[in-house]
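User: I'm new to this structure and would love a close look at one part of it. Could you walk me through the aromatic rings and how they pair up?

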Amino acid sequence: MPDPRILLGPGPSMADPRVLRAMSTPLLGQFDPEFTAIMNDVMELTRFAFETGNERAFPVSGTGRAALEAAITSIVEPGDRVIVGECGRFGLLLIEIAERCGAAVSAVRGAWGSVLDPDPIAAELRRAPTKLVAIVHGETSTGVLQPLEAIARVTHEHGALLMADCVVTLGGCEVAVDRWGVDVAVAGAQKCLSCPSGLSPLTYNARAEDAMRRRKTRIVSNYLDLGQLADYWSPARFNHHTAPTAMVYGLREALRAFHDEGRAARFTRHRLHGDALRAGLDALGLTIFGKEPAERRLAFLTPVVVPEGVDELRVRRRLIEDFGIEIGAAFGQLQGRIWRIGTMGYSASRRNVLLCLAALEHVLRGEGFRTHPSAGVDAARAHYRAAGV
Ligand SMILES: Cc1ncc(COP(=O)(O)O)c(C=O)c1O
């Protein structure tokens, strides 16, 4: 058995124990009426999570990038123009996937740590007919939250579809697919939903489905063909791959936990623990990376600047070895410069925030970083007290 860990990285978060219990229940065949009833629950709960009335709302077997790839490969044909908003590592991933599908990709780039403005995207849309605009809702590499409504508006004015990567945001903050006008939204299980990775919920509307139907060329992937997957996740129960049934039990339970907690309470919990963590980090004398205001930052993923003279990797190693706490490193241009601390899903708790601050203070002192004893924990406790928790 692996040692238990407190997972406070950018994902996976700690799995909710009720999800793990559900995953260890007896296996059913995938066309067993008991199992198809569970599939129906998953689809209904997926609509709840994405705040959508879309008929198409189901999980793709695979991690978030499989679902992103399914969406892009099913919509985009070779030669189609795709605009990708990029201000972080996951924007780069969207560019790569679209290019591999043969798209003519136009990247609209922003500085890492900031969000994208709709204006340059609108300008790019005016330049040539475009099939798809793809953008990351929560950029896990930098901790920013991209507003989608205005981008959806300009995208539709030019007859294109908007796809949003909501891998890190679903279950942690509002993802209002219908209200914002998002045509395709893709999520992940192992972040704010606190389910192990392996199934990735997605939803798309009739416009996106119509674009798939009007393709002139066949979708190159069989496994990630959303047309075939939608037929399986429908009353037709068209046979496709062998469903990962235990994962489906787990995802249903994770979505139920979200539904039971309620959207408002869940988003408030994520905000509360993220704010308490940031109050503690600030009191320790650490700097949060990025200049966007709070409403454009992920409440549940905090990027922290590694202080001068501190060994980034040694800090993470000591947190794991001495305290069993995992925090995240960074990618690309931010590698070695920031840590990313996640307070997602089941990991978002008062106890985890206080343990993290106490352990981080101890380890940073070992690195020669000067800070007041207990400053982080005291500030977080004061934040909780002020919030009545
Ligand atoms: C915003 C975002 N998009 C896509 C991915 C890729 O998801 P996965 O690792 O589940 O394939 C991640 C994973 O960290 C992510 O945070």
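How many aromatic pairs does the structure hold?

Analyst: Happy to help! Please keep in mind that this is a predicted model. The structure holds eight aromatic pairs. A pair of aromatic rings is described by the distance of the centres and the angle of the planes. Let's take two of the pairs in turn.

One of them joins Phe48 and Phe258, whose ring centres are 5.1 Å apart and whose planes meet at 65 degrees, an edge-to-face arrangement. Angles over 60 degrees count as edge-to-face, so 65 degrees qualifies. Where do these two rings sit along the chain? Phe48 belongs to helix H2, which covers residues 33-50, while Phe258 belongs to helix H10, which covers residues 245-261. Because the two positions are 210 residues apart in sequence, the pair ties together distant parts of the chain.

Are these two rings buried or exposed? Buried means under 20% relative accessible area. Phe48 has 17% relative accessibility and therefore counts as buried. Phe258 has 0%, so Phe258 counts as buried too.

Now for another pair, Tyr232 and Trp233. Their ring centres lie 5.9 Å apart with the planes at 75 degrees, so this pair is edge-to-face. Tyr232 counts as buried because its relative accessibility is 1%, and Trp233, with a relative accessible area of 5%, is buried as well. Tyr232 and Trp233 also belong to a wider group: together with Phe31, Phe58 and Tyr204 they form one aromatic cluster.

It helps to set these rings against the whole protein. Its secondary structure comes to 14 helices and 13 strands, with H2 and H10 among the helices. Of the 389 residues, 60% are buried, and the four rings described above, Phe48, Phe258, Tyr232 and Trp233, belong to that buried part. The link between Phe48 and Phe258 spans a long stretch of sequence; across the protein, residues 24 or more positions apart account for 73% of the contacts with a separation of 6 or more.

As for overall shape, a compact globule with 389 residues would have a radius of gyration near 21 Å, and the protein's value of 21 Å agrees with that. Along the principal axes, the C-alpha atoms fill a box of roughly 65 × 55 × 35 Å. On the outside, the accessible surface comes to about 15,900 Å², with 52% of it belonging to carbon and sulfur atoms.

Methods:
Residues are numbered from 1 along each chain as its sequence is written. This is a predicted model: local features need pLDDT of at least 70, side-chain atom pairs count only at pLDDT 80 or more; totals for chains, interfaces and linings use all residues. Side-chain values use heavy atoms; hydrogens and water are left out. Helices (H or I, at least four residues) and strands (E, at least two) are DSSP runs, numbered from the N terminus. The radius of gyration is taken over C-alpha atoms; the globule rule is 2.2 Å times the number of residues to the power 0.38. Buried means under 20% relative accessible area, exposed over 50%, partly exposed in between (1.4 Å probe, protein chains only). Contact means heavy atoms within 4.5 Å. Accessible areas come from the Shrake-Rupley method with a 1.4 Å probe; for residues, only the protein chains shown count as cover. Rings of Phe, Tyr and Trp (its six-membered ring) pair if their centres lie within 6.5 Å; planes under 30 degrees apart count as stacked, over 60 as edge-to-face and the rest as tilted.
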